[in-house]
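Trainee: Could we go through this structure together before I plan my notes?
Mentor: Certainly; please bring it up and ask as we go.

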Amino acid sequence: MLPVSDVEAIILNLVQPLNAEHDIEIVDLLAASDRILANPITSQLDFPHWDNSAMDGYAVRYVDVKQANAEQPAILEIVEEIPAGYQSKTTIQPGQAARIFTGAVIPAGADTVVMQERTSREENRVLIQVAPQPQEFVRRKASYYQAGNQLLPAGIKLKAPEIAVLAAAQCPQIKVYRRPEVAIFSTGDELVTPNTPLQPGQIVDSNNYALATLVKESGAEPLLLGIVKDNPDVLQETIAYAIANADIVLSSGGVSVGEYDYVDKILEDLGAKIHIRAVAMTPGKPLTVANFPQQNSAIYFGLPGNPVSALVTFWRFVQPAIKKLAGLAEGWEAKFIKVRSRDELRANGKRETYIWGKLNLVAGVYEFYKAGGNHNSGNLINLAQTNALAVLPVGQTLIAAGEEVQVLLIAAV
Ligand SMILES: Nc1nc2c(c(=O)[nH]1)N[C@H]1C(S)=C(S)[C@@H](COP(=O)(O)OP(=O)(O)OC[C@H]3O[C@@H](n4cnc5c(N)ncnc54)[C@H](O)[C@@H]3O)O[C@H]1N2
Ligand code: MOO
Ligand SMILES: [Mg+2]
């Protein structure tokens with residue numbers, strides 16, 4: 001049994017990110033949210049594109065108004081009105097100003113904008129009541145970004161701010177990494193689909209549904225291979241198909257020590273190198289991780305069958321692997337935050353222990369509440385509505401109510 005941190009390192013080492021030249025798709029910007037940028041983006045445009053006004057007011061020459069005050073306002077002749085979207089036609093001379101609006105191009109000759117509220121108007125003249133700072137309210141050309149520099153790096157996830165930047169940079173279509181393909185199947189003679197009336201001894205397959213949902217949430221494409229009987233030939237056929245057609249394979253069940261736990265044996269027959277067989281964690285002790293050095297780069301995760309164990313191992317190990325494979329340049333590791341636990345948390349100290357519960361916002365601070373009900377890895381019922389896993393390291397048997405604990409976020413809080 002390997003420690004969790006060793007298992008994490010082995011897995012992340014096995015994962016090779018998708019190829020930035022071959023594993024790409026070109027998508028419209030509006031379809032690009034949550035996709036991962038495959039190329040760095042450089043723009044030939046400066047931001048701002050030209051000197052423009054940050055206020056509705058008057059474009060002036062600083063030297064003309066630097067002494068202005070309410071008793072002795074500077075009085076300037078208005079020679080032009082410049083709405084946003086128009087190019088000025090004049091050059092501001094000494095004693096002159098242009099009426100200007102937010103976003104409009106600063107006219108030649110002017111270097112400063114006085115906001116409207118600090119002025120008064122007498123027909124064609126403006127009275128500047130307050131001296132501005134030099135260059136005040138001018139958004140200088142290229143002061144946000146200079147053409148030719150890198151605007152966005154490769155390997156970032158595109159959210160609203162990045163998509164806004166790409167739109168502004170006139171990139172209506174962009175290269176993103178394709179979504180990783182993740183084959184998913186459940187193993188077990190006892191399993192039936194949710195629409196099958198149960199015979200004695202049967203169990204509804206929930207793992208395929210949970211894993212398909214998590215795979216999609218992680219930005220990958222599920223390839224659903226259904227329920228596979230505990231029959232070595234069928235299982236071997238399914239595994240061979242899955243590794244040939246996916247980047248990652250997730251099976252659940254059949255990885256423990258029982259008579260019908262065939263997964264490891266079949267992987268070996270197929271030429272797999274098995275890197276992990278068991279992890280010192282609970283839930284999630286029986287976890288098989290393998291790859292196929294002679295065939296391709298597919299990584300096989302044989303997740304434990306117990307419903308909570310399958311999901312905990314997904315959150316802890318598979319999700320970071322998918323994120324790294326998907327081309328994310330950084331931030332794929334599982335992230336923990338420290339919060340106070342409202343409830344007492346107990347473990348036997350022998351394996352790293354994951355306790356499911358919920359982060360609640362109390363007076364502006366998140367606190368961990370252990371889920372009520374039975375904390376058995378076969379009980380998926382009280383996993384509903386949780387969003388965090390509290391982690392007790394090996395050797396720690398108690399976190400008293402009110403003490404701090406590390407938690408892994410498993411859903412948005
Ligand atoms: N003698 C030992 N027995 C077990 C050990 C052990 O160390 N020694 N480990 C236990 C632990 S911990 C776990 S976790 C399970 C893992 O077992 P498998 O991965 O071999 O899974 P199965 O035996 O196929 O099933 C276990 C359990 O989960 C239910 N299951 C399976 N698939 C699904 C599914 N798709 N949807 C819903 N439920 C599923 C299955 O019916 C079993 O109840 O082994 C322990 N045993
Ligand atoms: O690891 Mo098992 O996952 O404890 O139930
Ligand atoms: Mg078993």
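Mentor: What follows is a discussion of a predicted model.

Trainee: Let us begin with the interior. Which residues have the most contacts inside the largest nonpolar core?
Mentor: They are Ile11, Leu250, Phe301, Phe314 and Trp315, in a core of 50 residues. Helix α7, which covers residues 307–325, gives the most to this core, with eleven residues.

Trainee: Is there a general reason for such clusters?
Mentor: In soluble globular proteins, nonpolar side chains tend to be buried together.

Trainee: What does tryptophan 315 touch, leaving aside residues up to four places away in sequence?
Mentor: Tryptophan 315 is in contact with Leu214, Pro320, Leu383, Leu389, Leu408 and Ile410.

Trainee: How many residues does the second core have?
Mentor: That core has 20 residues and is separate; Ala242, Val249, Val255 and Ile266 are among them.

Trainee: Back to α7, then. Is the helix mostly covered or mostly open?
Mentor: Mostly covered: 18 of the 19 residues of α7 are buried.

Trainee: Where is the kink in α7 centred?
Mentor: The kink is centred on phenylalanine 314 and amounts to about 45°. Phe314 is also one of the residues with the most contacts inside the largest core. Just after the helix, glycine 327 takes a positive phi of about 105°.

Trainee: Why does threonine 313 count as buried?
Mentor: Threonine 313 counts as buried because its relative accessibility is 0%, and the cut-off for buried is under 20%. This threonine is found in helix α7. Setting aside residues up to four places away in sequence, Threonine 313 touches Met281, Gly284, Leu287, Leu303, Pro304 and Val318.

Trainee: Now for an opposite case. Why does glutamate 237 count as exposed?
Mentor: Glutamate 237 counts as exposed because it has 61% relative accessibility, where exposed means over 50%. Glutamate 237 lies in helix α5, residues 232–245.

Trainee: How far apart are glutamate 237 and alanine 310?
Mentor: They are 73 residues apart in sequence, and their C-alpha atoms are 22 Å apart in space.

Trainee: Let us turn to the ligands. Which residues are around ligand 2?
Mentor: Thr282, Pro283, Gly284, Lys285, Pro286, Asn306, Ser309, Arg351 and Ser377 are around ligand 2. By class, that shell has two nonpolar, five polar and two charged residues.

Trainee: Which atoms of lysine 285, asparagine 306 and serine 309 approach it?
Mentor: For lysine 285, a backbone N or O atom lies 2.7 Å from an oxygen atom of ligand 2. Asparagine 306 places a polar side-chain atom 3.2 Å from an oxygen atom of the ligand. In serine 309, an N or O atom of the side chain is 2.3 Å from an oxygen atom of ligand 2.

Trainee: And ligand 1: how many residues are around it, and which come nearest?
Mentor: There are 22 residues around ligand 1, and Glu190, Asp205, Ser256, Lys285 and Gly305 come nearest.

Trainee: What polar backbone contacts are there?
Mentor: A polar backbone atom of glycine 305 is 2.9 Å from an oxygen atom of ligand 1. For serine 256, the distance from a polar backbone atom to a ligand 1 oxygen atom is 3.0 Å, and for glycine 254 it is 3.2 Å.

Trainee: One last topic: backbone geometry. What is usual?
Mentor: Most residues other than glycine have a negative phi, and most peptide bonds are trans.

Trainee: Where, then, are cis bonds found?
Mentor: One cis peptide bond joins threonine 282 and proline 283, with omega about -5°. Proline 283 lies in the loop between β19 and β20, and it is among the residues around ligand 2. The bond from phenylalanine 47 to proline 48 is also cis, with omega near -15°, and proline 48 lies in the loop between β2 and β3.

Trainee: What about positive phi outside glycine?
Mentor: Glutamate 123 has a phi near 50° and lies in the loop between β8 and β9. Alanine 363 has a positive phi of about 50°, in the loop between β24 and β25.

Trainee: Are those two residues buried or exposed?
Mentor: Glutamate 123 counts as exposed because its relative accessibility is 73%. Alanine 363 counts as exposed too, at 80% relative accessibility.

Technical notes. Residues are numbered from 1 along each chain as its sequence is written. Chains are lettered from A and ligands numbered from 1 in the order in which they are written. This is a predicted model: local features need pLDDT of at least 70, side-chain atom pairs count only at pLDDT 80 or more; totals for chains, interfaces and linings use all residues. Side-chain values use heavy atoms; hydrogens and water are left out. A nonpolar core is a set of buried Ala, Val, Leu, Ile, Met, Phe, Trp, Tyr and Cys residues joined through side-chain atoms within 4.5 Å. Buried means under 20% relative accessible area, exposed over 50%, partly exposed in between (1.4 Å probe, protein chains only). Helices (H or I, at least four residues) and strands (E, at least two) are DSSP runs, numbered from the N terminus. Contact means heavy atoms within 4.5 Å. A residue is near a molecule or strand if one of its heavy atoms lies within 4 Å of it. A polar contact is a pair of N or O atoms within 3.5 Å; within protein, one must be able to donate a hydrogen and the other to accept it, and residues adjacent in sequence count only if both atoms are side-chain atoms. Ala, Val, Leu, Ile, Met, Phe, Trp, Tyr, Cys and Pro count as nonpolar, Asp, Glu, Lys and Arg as charged, and the others, Gly among them, as polar. The bend at a residue is the angle between axes fitted to the seven residues ending there and the seven starting there.
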